[in-house]
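Please look over the sequence and the fold before reading on. The report below goes through a few selected parts in turn.

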Amino acid sequence: MTTAIKTNNERALEMKLEVIVIPVSDVDRAKHFYGNLGWRLDADFAGSDDYRVIQFTPPGSGASVIFGRHVTAAAPGSAQGLYLVVSDIEAARRDLLARGVEISEAFHHAGDAYSGPDEPYLFGRRRFRGPDPERSSYSSYASFSDPDGNGWLLQEVTARLPGRVAADATTFTSLTELESALRRAEAAHGEHEQRLGERDADWPSWYAEYIINEQAGKPLPT
């Protein structure tokens, strides 16, 4: 589900990243792996000259992955640092473990440390075990690979930093994501009413401002 709320009538030219190509050596093996993740199979197309392309989309994602035969000249397993954003790192790990996927423990980064034995990822190469102690947004990870060694990272994001979401739109890609936003707004609004000392009859407007500002990284209502 995608919901967009426009705040003005002017929009820049849209360029949506929708497809990432990943190199694999065994197409059917890769199809089984990504299907087992619970991703949606969008296409399995075969053409002449042994051409074949398969497309999968992760749940709630606006972007898809494709792989196949004669799709890319990149070496199988060479795609690394592919990020999957989740709202709960531990719940995401449990889901993948239940599907038989070998996935790392949750870990958090060591700040700007770019040397160490761990594989590269956004914030460096040194990992500390367990989720970020404060569960700060963008700070908790887990990693897994497909059968060819293409490397994926789960990253927990619960609140976006300023500028990470278009200022003229609020978007939810799933019912779960929207529900989580409403629950956070409900909890914050309860504190707001305690400060007021009375029921806030204008709660719909407060909820709307809270949800839009949280996603856009703007100051939250108090």
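The text covers a pair of helices first and then four single residues.

This is a predicted model, in which local features need pLDDT of at least 70 and side-chain atom pairs count only at pLDDT 80 or more, while totals for chains, interfaces and linings use all residues. Residues are numbered from 1 along each chain as its sequence is written, and side-chain values use heavy atoms, with hydrogens and water left out.

**The helices H3 and H4**

Helices (H or I, at least four residues) and strands (E, at least two) are DSSP runs, numbered from the N terminus. Helix H3 covers residues 175–196, and its 22 residues should span 32 Å at 1.5 Å a residue. The end C-alpha atoms of H3 are 31 Å apart, which agrees. The expected span of a helix is 1.5 Å times one less than its number of residues. Helix H4 (203–216) has 14 residues and reaches 20 Å from its first C-alpha to its last, close to the 20 Å expected.

A residue is called buried under 20% relative accessible area, exposed over 50%, and partly exposed in between (1.4 Å probe, protein chains only). In H3 the buried residues are Ala-181, Ala-185, Ala-188, His-189 and His-192. Seen down the axis of H3, these residues fall within an arc of 110°, so they line one face of the helix. The arc is taken from the directions from the helix axis to the C-beta atoms. On the other side of H3, Leu-175, Thr-176, Arg-183 and Gln-194 are exposed.

What do the buried residues of H3 pack against? They pack against helix H4. In turn, H3 is included in what covers the buried residues of H4. Among the buried residues of H4 are Trp-206, Tyr-207, Tyr-210 and Ile-211. Contact means heavy atoms within 4.5 Å. The residues of H3 that meet H4 include Glu-177, Leu-182 and Arg-184, and those of H4 that meet H3 include Trp-203 and Gln-215.

Two packed helices are described by the angle between their axes and the distance between the axes. The axes of H3 and H4 come within 9 Å and cross at roughly 120°. Axes are lines fitted to C-alpha atoms, for helices over the stretch in contact, and angles run from 0 to 180 degrees between N-to-C directions. H3 and H4 are therefore oblique to each other; angles under 35 degrees count as roughly parallel, over 145 as roughly antiparallel, 65 to 115 as roughly perpendicular and the rest as oblique.

**Positive phi angles**

The table lists four residues with a positive phi.

| Residue | Phi | Place |
|---|---|---|
| Gly-197 | near 80° | follows H3 |
| Gly-217 | about 75° | just after H4 |
| Asp-50 | about 65° | loop between E2 and E3 |
| Arg-135 | about 50° | loop between E7 and E8 |

Asp-50 is not a glycine, and its relative accessibility of 46% makes it partly exposed. Arg-135 is not a glycine either, and it is partly exposed at 35%.

**Ser-139 and Tyr-83**

Ser-139 is in the loop between strand E7 (127–129) and strand E8 (140–145). Is Ser-139 buried or exposed? Ser-139 is buried, with a relative accessible area of 11%. Leaving aside neighbours within four places in sequence, Ser-139 is in contact with Phe-107, His-108, His-109, Asp-132 and Glu-156.

Tyr-83 belongs to strand E5 (residues 82–86) and is partly exposed, at 28% relative accessible area. Not counting residues up to four places away in sequence, Tyr-83 touches Tyr-121, Leu-122, Tyr-141, Leu-153 and Gln-155.
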